[in-house]
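Me: I've just opened a protein I haven't seen before. Can you help me understand the labels people put on its parts?

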Amino acid sequence: MLAELIQRATGRDFREVVRDRVLAPLGLKALALGSEPQDAGDVQEIVTSGEPPDPDELERTLRDPRASVRELMT
């Protein structure tokens with residue numbers, strides 16, 4: 001659905017928009033979701049900061065009773 005909205009709003013292929021508006025400014029060549037480590041040389045490791053949220057804070061934030069808070073915190 002997001003791809004369709006991007007294409008309708010910009011008149012461009014959503015992949016071009018993501019590449020131009022998201023990846024290029026971050027200095028990335030591609031989005032490496034599901035890529036093998038050897039193919040993702042320009043992908044930076046995710047680093048967390050601050051204290052992790054407690055289960056109550058996660059539940060308030062997510063507001064999805066189906067989500068398992070314990071799974072999200074591991």
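Reply: Let's go through some labels one at a time and see what stands behind each. Keep in mind that this is a predicted model.

Me: What does the secondary structure of the protein come to?
Reply: You'll find four helices and zero strands, so along the sequence the pattern reads α-α-α-α.

Me: Why is methionine 1 called exposed?
Reply: Its relative accessible area is 82%. Exposed means over 50%, so methionine 1 earns the label. You'll find it in the segment before helix 1 (2-10). Along with Leu2 and Leu5, Met1 makes a nonpolar surface patch of about 400 Å².

Me: What makes glutamate 4 and arginine 8 a salt bridge?
Reply: Their closest N and O atoms are 2.7 Å apart. The cut-off is within 4 Å, so the pair counts as a salt bridge. Both residues lie in helix 1, four residues apart, about one turn of the helix.

Me: Why does arginine 8 count as exposed, while glutamate 4 is partly exposed?
Reply: Arginine 8 has 67% relative accessibility, and exposed is over 50%. Glutamate 4 has 39%; partly exposed covers what lies between under 20% and over 50%, so that is its label.

Me: How do you know that arginine 12 forms a salt bridge with aspartate 20?
Reply: The closest N and O atoms of arginine 12 and aspartate 20 are 2.3 Å apart. That falls within 4 Å, so the rule is met. Arginine 12 also meets glutamate 16 in a salt bridge, at 3.6 Å from N to O, which is within 4 Å too.

Me: What joins Arg12, Glu16 and Asp20 into one network?
Reply: Salt bridges that share partners do. By the same rule, the count for the protein comes to four salt bridges.

Me: Why is glutamate 57 called partly exposed?
Reply: Glutamate 57 has a relative accessible area of 36%. Buried would be under 20% and exposed over 50%, so 36% lands in between. Glutamate 57 sits in helix 3 (residues 55-62), and with Asp54, Asp56 and Glu59 it gathers in a patch of negative charge on the surface.

Me: Where is confidence lowest, and where is it highest?
Reply: Helix 4 (residues 69-73) has the lowest, at a mean of 50, and helix 1 the highest, at 89. The protein averages a pLDDT of 75. Where pLDDT is low, don't read the predicted coordinates in detail.

Key. Residues numbered from 1 in each chain as written. Predicted model: local features only at pLDDT ≥ 70, side-chain atom pairs only at ≥ 80, totals over all residues. Heavy atoms only, no water. Patch = residues over 30% accessible without salt bridge, like charges linked within 9 Å, V, L, I, M, F, W, Y side chains within 5 Å. Areas by Shrake-Rupley, 256 points an atom, 1.4 Å probe, with all protein chains shown as cover. Salt bridge = Lys/Arg side-chain N within 4 Å of Asp/Glu carboxyl O. Lys, Arg positive; Asp, Glu negative; His and termini not counted. Charge placed at Lys NZ, Arg CZ, Asp CG, Glu CD. Helix = DSSP H or I, 4+ residues; strand = E, 2+ residues; numbered from the N terminus. Buried < 20%, exposed > 50% of the residue type's maximum accessible area, 1.4 Å probe, protein only. pLDDT = per-residue confidence, 0-100.
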